[in-house]
Amino acid sequence: MPETQRMPEPRQAALPPAVPLRPGAWRTVAAAMFACGWGGNQFTPLLLMYRRLGGYSTLSVDAFLGAYVVGLVPGLLLAGPLSDRRGRRPVLVAGAVASAAASLVLCFGGQSAWPIYAGRLITGFAVGIAMSVGSSWVKELSSGTDGGLAARRAALCQTAGFGLGAGVAGVLAQWGPWPMVSPYAVHLLLTAAIPVLLLRVPETRPPLAHATDRPAGRLLTALVDDLRVPAPARRRFRLVVLPMAPWVFGAAGLAYAVMPQLVGFRVGDWGLAYATGLAVLTLGAGAAVQPVARWLHGEMKTGEVKTGEMKPREVKTGETNTDERGNGGTGTRTGRAPVAAMADIGTAS
């Protein structure tokens with residue numbers, strides 16, 4: 001799924017790196033994000049193929065797509081806090097291995113529904129790890145550069161993986177040999193060396209001394225505590241994030257998963273090419289709108305207010321600035337960024 005929205009990320013490292021950072025170390029992590037994103041979206045344009053060649057029903061094909069989301073959510077929520085305690089490297093290595101393993105399962109399990117469910121579930125989990133842990137690791141390895149530049153590096157690599165994965169897989173399924181095998185074989189070749197290369201990347205979040213000695217129950221409790229939304233952000237989380245979250249995935253899914261099946265009888269033998277074009281177009285719209293979102297975010301951070309508009313008084317609470325309406329951060333009371341996001345979602349759909 002497209003990474004056009006901000007996903008929860010692990011806390012930034014509070015400890016110094018275990019070893020000196022070398023220039024360009026972030027590129028290996030970005031490559032892992034790219035490969036996981038490729039694996040996450042390569043399946044999307046192939047839904048029509050599974051209906052025609054595999055004989056699966058529309059309900060089964062939609063369930064294959066839903067299995068991805070089921071794996072994505074725990075990957076997003078748990079990988080970040082876990083990497084805070086165990087380190088970035090082992091968690092992202094596990095994500096890269098999981099992404100390759102998922103393609104291996106899908107490559108040889110296309111004739112049965114359960115291997116497809118398993119492969120898509122593992123794929124979602126791997127993408128969740130890459131989105132949360134990879135983004136923070138790229139930022140930490142980009143020390144000394146502009147924070148916005150580091151965030152753009154991570155977002156661009158992940159988005160490029162999503163788009164190219166869908167495009168290449170769709171082209172191979174439409175015109176290449178062994179349509180139910182070759183798309184996954186390409187991803188396996190792309191991902192094979194990445195876990196080994198990640199072992200050479202400097203660790204920016206050394207494992208906590210007490211993390212390895214803590215009982216499983218206490219570790220789980222600590223992970224749950226990390227998932228709690230900070231009090232200053234709870235109002236915005238309830239009123240902005242939660243209402244928008246279903247649309248982020250739902251609208252994109254309608255565009256490149258449901259639509260090709262609805263009009264498949266009209267495009268005939270070009271169904272896979274049509275589905276591939278929709279997937280790439282949807283993801284491209286998500287990438288194109290990011291500069292607009294960045295501009296809106298930058299404008300809000302400057303605290304610009306329209307003429308005649310009263311700016312709420314800010315109240316200092318701990319380390320977070322909140323206004324008297326309970327919003328966290330300067331300017332977050334505005335709704336311009338969510339409106340831009342919904343407009344992009346509508347255009348892509």
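This is a guided tour of a predicted model, moving from the whole chain to its helix contacts, its nonpolar cores and a few single residues.

**The whole chain**

Begin with the entire protein displayed as a cartoon, where you should find 14 helices and 2 strands. If you then colour by accessibility, buried residues make up 46% of the 349 residues. Among contacts between residues at least 6 apart in sequence, 83% join residues at least 24 apart, and several of the stops below show pairs of residues that lie far apart along the chain but are brought together in space.

**Helix 3 against helix 4**

Select residues 58-86, which form helix 3, together with residues 88-108, which form helix 4; the two pack at an angle of about 135 degrees, with their axes 7 Å apart. Because an angle between 115 and 145 degrees falls in the oblique range, helix 3 is described as oblique to helix 4. To see the contact itself, show side chains for Ala79, Gly80, Leu82, Ser83, Asp84 and Arg86 on helix 3, and for Arg88, Pro90 and Val91 on helix 4. Sorted by class, this contact holds 4 nonpolar, 2 polar and 3 charged residues.

**Helix 5: Val133 and Gly124**

Keep Ser83 of helix 3 on screen, since it takes part in the contact just described, and add Val133, which belongs to helix 5. The C-alpha atoms of Val133 and Ser83 are separated by 6.9 Å, although the two residues are 50 apart along the chain. Val133 counts as buried because its relative accessibility is 0%, under the 20% limit for that class.

Next select Gly124, which also lies in helix 5 and is buried, with a relative accessibility of 0%. Leaving out residues up to four places away in sequence, Gly124 touches Tyr68, Gly71 and Leu72. A C-alpha to C-alpha line drawn from Gly124 to Ala102 should read 9.3 Å, for a pair 22 residues apart in sequence.

**The nonpolar cores**

Which residues have the most contacts inside the largest nonpolar core? Select Phe43, Leu46, Met49, Tyr50, Ile116 and Tyr184, which hold that position in a core of 31 residues. At least two residues of this core are supplied by each of helix 2 (47-52), helix 3, helix 4, helix 5 (113-141), helix 6, helix 10 (234-262) and helix 12 (271-288). Helix 3 provides the largest share, with 6 residues. Apart from this core lies another, of 22 residues, among them Ala35, Val91, Val93 and Trp137.

Return now to Met49 and show its surroundings: beyond residues up to four places away in sequence, Met49 touches Gly54, Ala173, Pro179, Met180 and Leu272.

**Along helix 12**

Move to helix 12 and select Thr276, which is placed there. Is Thr276 buried or exposed? Its relative accessible area is 8%, and Thr276 is therefore buried. Apart from neighbours within four places in sequence, Thr276 is in contact with Pro45, Ala166, Gly167, Gly170 and Val171.

Further along helix 12 is Ala279, which is buried, with a relative accessible area of 0%. Ala279 touches Ala166 and Tyr256, not counting residues up to four places away, so that Ala166 can be left displayed from the previous selection, where it appears among the contacts of Thr276. The C-alpha atoms of Ala279 and Gly163 are separated by 7.4 Å, across 116 residues of chain.

Continue to Ala287, again in helix 12, which is partly exposed, with a relative accessible area of 31%. Ala287 and Ala155 are 8.7 Å apart, C-alpha to C-alpha, and 132 residues apart in sequence.

**Helix 6 and the loop after it**

Now select Arg153, which is located in helix 6 (residues 147-175). Arg153 is buried, because its relative accessible area of 19% is under the 20% limit. The side chain of Arg153 makes a polar contact with the side chain of Ser142, at 3.0 Å.

Finish at Trp178, in the loop between helix 6 and helix 7 (182-191). Trp178 counts as exposed, with a relative accessibility of 65%. Its backbone deserves a look as well, since Trp178 has a positive phi of about 45 degrees although it is not a glycine.

Terms used:
Residues are numbered from 1 along each chain as its sequence is written. This is a predicted model: local features need pLDDT of at least 70, side-chain atom pairs count only at pLDDT 80 or more; totals for chains, interfaces and linings use all residues. Side-chain values use heavy atoms; hydrogens and water are left out. Helices (H or I, at least four residues) and strands (E, at least two) are DSSP runs, numbered from the N terminus. Buried means under 20% relative accessible area, exposed over 50%, partly exposed in between (1.4 Å probe, protein chains only). A polar contact is a pair of N or O atoms within 3.5 Å; within protein, one must be able to donate a hydrogen and the other to accept it, and residues adjacent in sequence count only if both atoms are side-chain atoms. Axes are lines fitted to C-alpha atoms, for helices over the stretch in contact, and angles run from 0 to 180 degrees between N-to-C directions. Angles under 35 degrees count as roughly parallel, over 145 as roughly antiparallel, 65 to 115 as roughly perpendicular and the rest as oblique. Contact means heavy atoms within 4.5 Å. Ala, Val, Leu, Ile, Met, Phe, Trp, Tyr, Cys and Pro count as nonpolar, Asp, Glu, Lys and Arg as charged, and the others, Gly among them, as polar. A nonpolar core is a set of buried Ala, Val, Leu, Ile, Met, Phe, Trp, Tyr and Cys residues joined through side-chain atoms within 4.5 Å.
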